[in-house]
Amino acid sequence: LDDLVEHRLNVVLKARQLGISTTTAAFALWMVLFHRHKSVLIIATKLPTAINMIRKVDTMLRSLPKWLVLPAVTSRTKQGLEFSNGSWIKAIPTSDDAGRSEGLSLLCIDEAAWIRNFDDLWTGLQPTLATGGRCVVLSTPKGVGGQFHKLYADAECGANDFNPICLPWDVHPEHDQAWFENESRQLGSKRRVGQELALYTAANLATI
């Protein structure tokens, strides 16, 4: 969360089931709840995944004490929320024109490495951040060659403006060596272990 506040652009290489998507959803809610006229777009691989992100945001919102929710909710749908302070948040599945017409305060892209045609999608999305909007691109790895790999690899070597964040399996406080060895046996191949548990940084993603 400190990184998301400090850096405008963040790219996150992560293991599965660390709660990073939920944490990003909380950051998005903080932005629209306590700031005026903020626009947040969450892009996910499929419509059910997009709706699930909004469900997380709405659950957090409903769980807050009423005195903390300063703006009123003026619109609530499965895919988005709008507030009386002029801020809104919505989630959409990927498409060729996703987000192209938006001027965004925050763009969140979940499981970017697994989005089909992400290269073309990213080309269309970059201009939406031209006015100073923030971006969080997060994903488990999927080898080399895609736009997510390029974003992360370039961030690691300082070739772009993104802040690289690597979160492997052992950042979870309940994941010890015994847990890792058991999960590795279940996954089988080295490639699957690297893919699901994010043991590799961009420098050696080619090995998986």
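Is the crossing of helix 2 and helix 3 left-handed or right-handed? In this predicted model, the crossing of these two helices is right-handed, and the legends below take up the overall chain, the helix pair and the cysteines in turn.

**View 1. The whole protein chain, with its 7 helices and 8 strands.**
Of the 208 residues in the chain, 47% count as buried, while the surface that the chain exposes amounts to about 10700 Å², with carbon and sulfur atoms supplying 49% of that area. When contacts between residues at least 6 apart in sequence are considered, 70% of them join residues that lie at least 24 apart.

**View 2. The packing of helix 2 against helix 3.**
Two packed helices are described by the angle between their axes and by the distance between those axes. Helix 2, which covers residues 20–34, packs against helix 3, residues 47–63, at an angle of about 60°, and their axes are 9 Å apart; the two helices are therefore oblique to each other. On the helix 2 side the meeting residues are Ser21, Thr22, Ala25, Ala26, Leu29 and Leu33, and their partners in helix 3 are Met53, Lys56, Val57, Met60 and Leu61.

**View 3. Cysteines in a structure that holds 0 disulfides.**
Cys108 is in no disulfide, and the nearest cysteine sulfur, which belongs to Cys135, is 7.6 Å away, whereas a disulfide requires two cysteine sulfur atoms within 2.5 Å. With a relative accessibility of 2%, Cys108 counts as buried, while Cys166, with a relative accessible area of 28%, is partly exposed.

Terms used:
Residues numbered from 1 in each chain as written. Predicted model: local features only at pLDDT ≥ 70, side-chain atom pairs only at ≥ 80, totals over all residues. Heavy atoms only, no water. Helix = DSSP H or I, 4+ residues; strand = E, 2+ residues; numbered from the N terminus. Buried < 20%, exposed > 50% of the residue type's maximum accessible area, 1.4 Å probe, protein only. Contact = heavy atoms within 4.5 Å. Areas by Shrake-Rupley, 256 points an atom, 1.4 Å probe, with all protein chains shown as cover. Axes fitted to C-alpha atoms, helices over the stretch in contact; angles between N-to-C directions. Parallel < 35°, antiparallel > 145°, perpendicular 65-115°, else oblique. Left-handed = near helix turned anticlockwise from the far one by under 90°.
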